[in-house]
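Me: Please pick one residue in this chain and look at it closely. Then tell me what surrounds it and how the rest of the chain is laid out.

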Amino acid sequence: MNDKENKLNSDENAQAEQKNQAVKYEKNDNWQFDASAPTLEDNLAIGNDYEIDVAQAPVHPKKKAKDKNREADKEHIVINKRKLKVVSLSIVSVILAALIVFFGIKLFALPNTSETMTPGNVALTVGKTKVSVGMYNFYYSRIVANYLEYASNGSFNLDSTKDYAEQKTVDKDGNEISWLDVFERDTIEQIQYIVAYYETALEAGLTLTDDQKSNIESEIETIKSSASDAGVSVDKYLETNYGDYCGLETVKKIYEQSYIAENYFYQQKINLSANEEEINKTFEENKDNYTSISYGYIEMQYNLEDPQTSTVDAVKAKAQTYCDRISTIDDMKNLVPEICSSLIEQVISYGYFSDTESAVKALQDSVSATSTATELSNNFGSGISDWFFSPDTSVGSTTCLLNEEYSSVLIFLKSEEPKLDETEYYSVRHILVVPGEKSDDEGTNASETKEYTEEEWNAALDEANKILDEYNSGDKTEVSFALLAEKYSEDTESTSSGSSGYYGGGYSQVALGYMVPEFESWATDDARKYGDVEIVKSQFGYHIMYFVYDGPKYLYNAMSDANNAKEDEFLATYEVKKHSALKKTTVAEPTTVTTTQAAK
């Protein structure tokens, strides 16, 4: 809000003018409440039932006077009239000031749905961006709804009927934390993430596209229509589904920020990519995290009503009998029909498989796995991770992990010693130019080949060379190549217009044998260096290739970690400041947020 100064109209009396200056309230963020008092002719409405009429001060009737005293009487009357008027103005000023203070403080201290950034409506400041109570509640409600949905599927140990402050979980550092704190932490991190990319996009000069503006208007109209269909006001609909103090302006701003952030997200991610030196440093400092182990695991379900597994000790004893029969991956696969019998019945009843044979085959194929120590710790706990990587645990050893909450036992087999994962992966970007004329409704996902004439091939090569010339005439960066891919590539599945979540013609962590030979041969050439660009022909057309990475999986993992660390450093530059209005935001209570409501 821009600061401005409002003055009451003076009334021929300097003292009245001084008293009726605009009332200002200052607090944090250098915010100033602007208000102007009504003039004396105005009526001040209070609530819906009462009204104060502000009238001119009464004038006493003139007394009859003798002629010789008429002039003096007139002067005396005028003087008295002025005095009465001054007194009257003082009384009115007190009334007006009290009303302005009352309504001013109300505006100053309370949240609103119009995205007016009064101190009472600013929950957070992220970087330069102020976040309203309504916007915070919007993100908070999404976070809570997502956790509850996953919890309903058994992914989290979270009970929606119990106090979230009393329920505990563990954060990424192994520290105990309440679910209520998780909700707040993740909400703030989500907002920080959006705002960081939003502000960066603004600095880069990006704005909403016409399509995005149209989409926002369409979403707003959908909300209005949904509220009408539900027979409630828009405000009530938004409050129910998006959180308190979340108005149409709030939703609109959220869409705008998200779209603008999205417009620059991938470009900034490329800018934040780690170089070779940073990748090697990350690897050397965290070697243990990139050492992986191959193992087998299988799930045994139990029922305490079964006489053979009626106690925990009985369950452990039965699991141990299986462990005694397992020393290789093949042993574990052969025991799938016996160990997983109840699980097989379940997946068939759920319709995942049509018969026992196919279910057994799928479970046997999933017995083998490879994980790092960190992945094992995250998935099964540090105890299992330590067991696998201990030099005292020999290959062929087995152990069990009991989960009483889900009435199951996981049986683990150490099938190999820990080692660096040498599986080869590569990452590239490409711009595909397909020969022949393209109709407006023709799909551009190059999964099928066609026969093209020599003339069509030549025209496609000419087009590819024009695009390459455009790239070479620019700054020749990965970002500029990605932008050209977004503009020209006919492999839409590798761009943001596809459904795979890729951007800029990029394919990352590609395993050998996935792409056509010409594509893969170029990408895995030992002579390749980051930033190499060349045109490659395949059965699908001409690929303008951009090389990013080729190497073993463990270095790819180190590269991912180095990139994540750089992004974390970038996000940390957008400082989060909590304001007093954060206390007015929503706090999740048991059974108050339902998955059905949150999904709307």
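Reply: Leu512 counts as partly exposed because its relative accessibility is 48%. The scale has three classes: buried is under 20% relative accessible area, exposed is over 50%, and partly exposed lies in between, with a 1.4 Å probe and protein chains only. The model is predicted, so local features need a pLDDT of at least 70 and side-chain atom pairs 80 or more, while totals for chains, interfaces and linings use all residues. Residues are numbered from 1 along each chain as its sequence is written, and side-chain values use heavy atoms, without hydrogens or water.

Where does Leu512 sit? Its place is the loop between strand 13 and helix 19 (517–523). Helices (H or I, at least four residues) and strands (E, at least two) are DSSP runs, numbered from the N terminus. What does Leu512 touch, beyond four places in sequence? Its partners are Glu424, Tyr426, Glu520 and Thr524. Contact here means heavy atoms within 4.5 Å. Thr423 is 89 residues away along the chain from Leu512, yet their C-alpha atoms are separated by 9.0 Å.

Strand 13 (506–511) leads on to the largest pocket, where it supplies at least two lining residues. Helix 7 (248–271), helix 8 (276–285), strand 12 (424–433), strand 15 (541–552) and helix 20 (553–572) each do so too. Helix 20 gives the most, with seven residues. The pocket holds about 1,100 Å³ of space. Of its 38 lining residues, Ser273, Ser427, Val548, Met559 and Asn563 are the closest to the centre. By type, the lining has 17 nonpolar, eleven polar and ten charged residues. A pocket is an open set of points on a 1 Å grid over the protein atoms alone, where a 1.4 Å probe fits and protein lies on both sides within 12 Å along at least five of seven lines; lining residues have an atom within 4 Å of a point. Its volume is the space filled by probe spheres set on the points, which are joined across faces, edges and corners. Asp, Glu, Lys and Arg count as charged; Ala, Val, Leu, Ile, Met, Phe, Trp, Tyr, Cys and Pro as nonpolar; the others, Gly among them, as polar.

Now compare Leu512 with some other residues. Met332 lies in helix 11 (residues 329–334). Met332 counts as buried because its relative accessibility is 0%. Beyond four places in sequence, Met332 is in contact with Gly296, Tyr297, Ile298, Ile326, Val367, Ile411, Phe412 and Leu413. Ser368 is 36 residues from Met332 in sequence and 9.4 Å away in space, C-alpha to C-alpha.

Phe412 and Leu413 also appear among the contacts of Ser397, together with Trp387 and Lys414. Ser397 is in the loop between helix 16 (382–389) and strand 9 (398–403). Its side chain reaches the backbone oxygen of Ser394 at 2.8 Å.

Thr309 is in a loop too, between strand 7 (291–301) and helix 10 (312–323). Thr309 counts as buried because its relative accessibility is 2%. Its contacts beyond four places in sequence are Tyr302, Asn303, Leu304, Ala314, Val315 and Lys318.

Two more loop residues have an unusual backbone angle. Most residues other than glycine have a negative phi. Tyr245 has a positive phi of about 65° although it is not a glycine. Its loop runs between helix 6 (234–242) and helix 7. Tyr245 counts as partly exposed because its relative accessibility is 35%. Ser407 has a positive phi as well, near 50°. Ser407 is in the loop between strand 9 and strand 10 (408–414). At 27% relative accessibility, Ser407 is partly exposed.

Step back to the whole chain. It has 21 helices and 16 strands. Buried residues make up 39% of its 600 residues. Among contacts between residues at least 6 apart in sequence, 68% join residues at least 24 apart.

How confident is the prediction? The mean pLDDT is 82, and 78% of the residues score at least 70. This score is the predictor's confidence in each residue, from 0 to 100. Among the elements, strand 14 (residues 533–538) has the highest mean, 98, and strand 1 (residues 44–46) the lowest, 26. Over residues 1–89 the pLDDT is below 50, and this stretch has 91 contacts beyond near neighbours in sequence. Residues 440–446 also stay under 50, with twelve contacts beyond four places in sequence.

Definitions and conventions: A polar contact is a pair of N or O atoms within 3.5 Å; within protein, one must be able to donate a hydrogen and the other to accept it, and residues adjacent in sequence count only if both atoms are side-chain atoms.
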